[in-house]
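This report covers one residue and its surroundings, one hairpin, and the nonpolar cores. The structure is shown first.

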Amino acid sequence: MPNRLPGRSTTVRVVSRRSALFSLAALAGGYLVGCGGGEDENEDATSVPGESPSEPATMAESPQPTATATATAPENVSVFDATPTWTQLGASGPSPRRDHSLVATADGSRAYVFGGRDGNGPLADFWLLDVAGGTWTQVEGGPPARFGHNTVFDVGSRRIVVFGGQGVDGFFNDTWSFDGSAWQQLNLASAPSPRYGAGAAYDAASAGVYVSHGFTDNGRFDDTWRLPLEGDAWGDESPSSGPRPVRRCLLRTVLDPRSGRIILYGGQTDDDPFLGDLWAFDPSTDTWTDLAAQGPAARNLYSLVVADQPAAVLFGGRTEAGAANDLWILDFLSDSWLQLTAAGESPPARSGHDAAWLAGGNGLLIFGGRDGDQSLLNDLWQL
């Protein structure tokens, strides 16, 4: 077993209900996920080994619905108690990058950035942000340089867990943890095949990490795996039959803590660089359900993180129209989208960034990525 380690608009679209379901100022604790995104042959990316794939033998795949850029808000949703406000933070730390990971501790006091890539290739640096103090500190050590990896914060053991990604010499399927003082590579009996641009979700209730889909130079995947963090092996939980989301990469997944479902949105597949479909995976039955929800314009390389129960927050990404900076709420109770407009100057449109949710009413944190002019960013924003 692995060791336990110690726009500028000032309006917000809100639909109220008789009693509010949740407030973004009252985090229900610890459902924090970061997923770095890779790029593939559909983008003018920096040349990295393994970016011109040939698709493996095709399995039956379900058709993808077309999402629209607007959504009809359900009657029973209340999202914010007040208008949210964007603020650019002045902390200076990691260099400009994309396809990195950003996660926060359960109490929201610290956030971590690991890896990613810049114009010179994959990065291996690891940074700690003191949220209250607004200062970055570089932490020595860490896994080999990579981008497009998956990172979560395990509330039970208070450690960061990193899986996969892509480096100079190819793709990874290794798993690492950081307990606040030291990194350790976990010695596991099995693992998903190497990949980048997969979705990851953390389940605090069962102390498990899920990874689904992703990409290598052998093509894209549609499998789903789970690592019990008290165990010593990844297990394949892919359905043996029935529908599943089309093979894809550059996507995000989150876990709905109310139902235990894994929620998957968007990404990129072979014949469609911008997907906008929404799916739910039930781990109790190993089945996928197409939620057929209309919402954001189809996209990849966006950020999606769990906020207060029962909702997730999506920001930005790359769409057919270019980089975006729109803001959406996914309500887990109705499986529907609600678009929001916050006060203050919005972050520039971007893709390949990452986000984390900060407990204690501190909202959403966004770092880095690449803007509409393809310039790398290292700006830090808080909603």
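## N173 and its surroundings

In this predicted model, N173 lies in strand 11, which spans residues 170-178. N173 has a relative accessibility of 30% and therefore counts as partly exposed.

Beyond its neighbours within four places in sequence, N173 is in contact with F163 and G164, and also with A191, P192, S193 and P194. With P192 there is a polar approach: the N173 side chain comes to 3.0 Å from the backbone oxygen of that residue. The C-alpha atoms of N173 and H149 are 9.3 Å apart in space, with 24 residues separating the two in sequence.

## The hairpin of strands 7 and 8

Strand 7 (residues 126-130) and strand 8 (residues 135-139) run antiparallel and are joined by five bridges. L129 has W136 of strand 8 as its bridge partner. Four residues lie between the strands of this hairpin, where G134 adopts a positive phi near 70°.

## Nonpolar cores

Nonpolar side chains tend to be buried together in soluble globular proteins. Here the largest nonpolar core contains 25 residues, and L278 and W337 have the most contacts inside it. At least two residues of this core come from each of strand 17 (252-255), strand 18 (262-269), strand 19 (272-282), strand 22 (303-306), strand 23 (311-319) and strand 24 (322-331).

Leaving aside neighbours within four places in sequence, the contacts of L278 include I263, L264, Y265, L291, L330 and W337. Among its other contacts are T289, D290 and D335. A second, separate core has 17 residues, including A307, A311, L364 and W381.

Technical notes. Residues numbered from 1 in each chain as written. Predicted model: local features only at pLDDT ≥ 70, side-chain atom pairs only at ≥ 80, totals over all residues. Heavy atoms only, no water. Buried < 20%, exposed > 50% of the residue type's maximum accessible area, 1.4 Å probe, protein only. Contact = heavy atoms within 4.5 Å. Polar contact = N/O pair within 3.5 Å; in protein donor to acceptor, adjacent residues only side chain to side chain. Pairing = 2+ DSSP bridges. Core = buried A, V, L, I, M, F, W, Y, C linked by side-chain atoms within 4.5 Å.
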